Amino acid sequence: MDASKKIILIIGGTGMLGKPVAQQLKADGFNVRLLVRNPEKAKKFLGEGYELVQGDVDNLASVRAALTGVDGVHISLKGGPTEADFERMDHFAVRDISQIAKEKNVGRVTLISAYAVSEEKADTPESRSKVKGEAALKFSGVPYTIFRCSWFMETLPLFVQGKNISLIGNQVHLLHWIAVEDYARMVSKSYQTDETLNKELYIFGPEAHTMSEAMKIYAEHSGVRVSPMSTQMLAVLGALTFNTEWKGMSVLMKHYEKWGEDGSPEEANRLLGAPRVTLKEWCETHC
Ligand SMILES: NC(=O)c1ccc[n+]([C@@H]2O[C@H](COP(=O)([O-])OP(=O)(O)OC[C@H]3O[C@@H](n4cnc5c(N)ncnc54)[C@H](OP(=O)(O)O)[C@@H]3O)[C@@H](O)[C@H]2O)c1
């Protein structure tokens with residue numbers, strides 16, 4: 001794809017993992033359009049240089065309008081914490097966008113997904129909806145690339161509360177923590193070759209650490225203390241305080257207690273260039 005003439009739509013481009021993709025595509029010379037719920041807010045957040053289309057994935061007319069004339073669409077939505085909302089965002093929205101993209105002959109749909117998304121591991125509402133979303137994308141017949149990402153380094157600060165970083169559950173698996181800047185570079189690169197079409201690519205960072213090790217590295221750089229908590233305790237706290245986010249987090253972390261990484265990043269690294277940023281380097285600049 002010659003970047004300068006191509007329009008890529010991003011749905012979820014104001015999100016934690018969508019914004020860096022928008023910025024990287026723009027830096028690489030693509031024309032970047034975003035479907036956003038609030039264009040004024042998005043303009044303040046993203047700055048100049050993006051085409052903003054007001055809309056919502058629940059409003060298919062707006063999705064159709066945003067998809068008009070684009071060469072590709074990147075989906076970076078987030079559902080939850082209720083089962084209905086995971087279905088709405090991770091399944092139905094992905095299905096609808098893919099079907100409309102197919103109708104409009106869009107060249108490709110790219111989708112962020114996670115390493116533990118498979119039939120075998122679909123033991124939570126979120127993972128079940130993501131499995132269905134991936135299947136709907138493939139079924140639509142539009143060319144696609146699915147990015148099965150490991151844990152993002154950028155999620156570590158989200159576990160910080162005051163002076164503590166919460167290590168939730170017994171997280172024994174080694175995880176290849178990925179920096180969003182590496183991921184964004186790889187997504188943008190994927191639009192520059194047809195070799196990435198109709199593939200699931202595993203996006204794993206350069207080094208593996210358990211969650212406990214990763215939190216210790218983060219803690220050393222940011223001065224917080226790692227504070228362990230069981231998934232059961234978080235579920236009880238969530239129920240007692242009617243905090244659906246905590247209840248959802250306990251379900252998520254139980255899922256990750258069980259499932260480690262099992263894909264291979266070899267193909268993604270060969271086609272898109274291997275990720276470079278280590279967790280220690282990331283902490284040195286971000287903590
Ligand atoms: N965290 C990880 O380590 C990890 C790993 C692999 C995969 N993932 C997946 O990555 C995805 C993105 O995560 P994130 O943290 O970037 O999410 P996020 O920050 O919550 O971003 C979600 C985006 O979706 C947009 N959005 C929400 N509802 C919408 C609607 N009805 N219509 C149109 N746009 C809507 C939001 O726009 P507004 O600005 O309007 O709210 C925002 O731009 C999730 O599915 C997550 O599961 C995460």
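**Exercise 1.** Leaving aside its neighbours within four places in sequence, which residues is Ser140 in contact with?

*Solution.* Keep in mind that this is a predicted model. Start by placing the residue: Ser140 belongs to helix 5, which covers residues 125-140. Next, skip anything within four places in sequence and see what remains: Ser98, Gln99 and Lys102 are the contacts of Ser140. Last, check its cover. Buried means under 20% relative accessible area, and Ser140 has 13%, so Ser140 counts as buried.

**Exercise 2.** Find Lys19 and work out what its side chain reaches.

*Solution.* Look in helix 1, residues 19-27, and you'll find Lys19 there. Now set aside the neighbours within four places in sequence: Lys19 is in contact with Gly13, Phe45 and Leu46. Zoom in on Phe45, and you'll see that the side chain of Lys19 comes to 3.4 Å from the backbone oxygen of Phe45. For a sense of scale, jump to Lys199: this residue is 180 residues from Lys19 in sequence, and the two C-alpha atoms are 23 Å apart in space.

**Exercise 3.** Is helix 6 largely enclosed or not, and what covers its buried residues?

*Solution.* Count first. Helix 6 runs over residues 180-190, and nine of its eleven residues are buried, so the rest of the structure largely encloses it. Now name some of them: the buried set includes Val180, Tyr183, Met186 and Val187, and also Asp182 and Arg185. Finally, look at the cover. Among the elements over these buried residues are helix 1 and helix 10 (266-272), along with strand 4 (72-75), strand 5 (108-114), strand 6 (144-149) and strand 10 (199-203). Helix 1 is the one that holds Lys19, back in Exercise 2.

**Exercise 4.** Step back and describe the whole chain: how many helices and strands are there, and what radius of gyration does the chain have?

*Solution.* Begin with the parts list: eleven helices and twelve strands. Then try the globule check. A compact globule of 287 residues would have a radius of gyration near 19 Å, and the chain has 19 Å, so the two agree. The C-alpha trace spans about 50 × 40 × 35 Å along its principal axes.

Now go inside: 50% of the 287 residues are buried. Of the contacts with a separation of 6 or more, 79% link residues 24 or more positions apart.

End on the outside. The accessible surface is about 13,100 Å², with 52% of it from carbon and sulfur atoms. As for charge, there are 34 positive and 36 negative side chains, and the centres of these two sets lie 3 Å apart.

Definitions and conventions
Residues numbered from 1 in each chain as written. Predicted model: local features only at pLDDT ≥ 70, side-chain atom pairs only at ≥ 80, totals over all residues. Heavy atoms only, no water. Helix = DSSP H or I, 4+ residues; strand = E, 2+ residues; numbered from the N terminus. Buried < 20%, exposed > 50% of the residue type's maximum accessible area, 1.4 Å probe, protein only. Contact = heavy atoms within 4.5 Å. Polar contact = N/O pair within 3.5 Å; in protein donor to acceptor, adjacent residues only side chain to side chain. Rg over C-alpha atoms; globule rule 2.2 N^0.38 Å. Areas by Shrake-Rupley, 256 points an atom, 1.4 Å probe, with all protein chains shown as cover. Lys, Arg positive; Asp, Glu negative; His and termini not counted. Charge placed at Lys NZ, Arg CZ, Asp CG, Glu CD.
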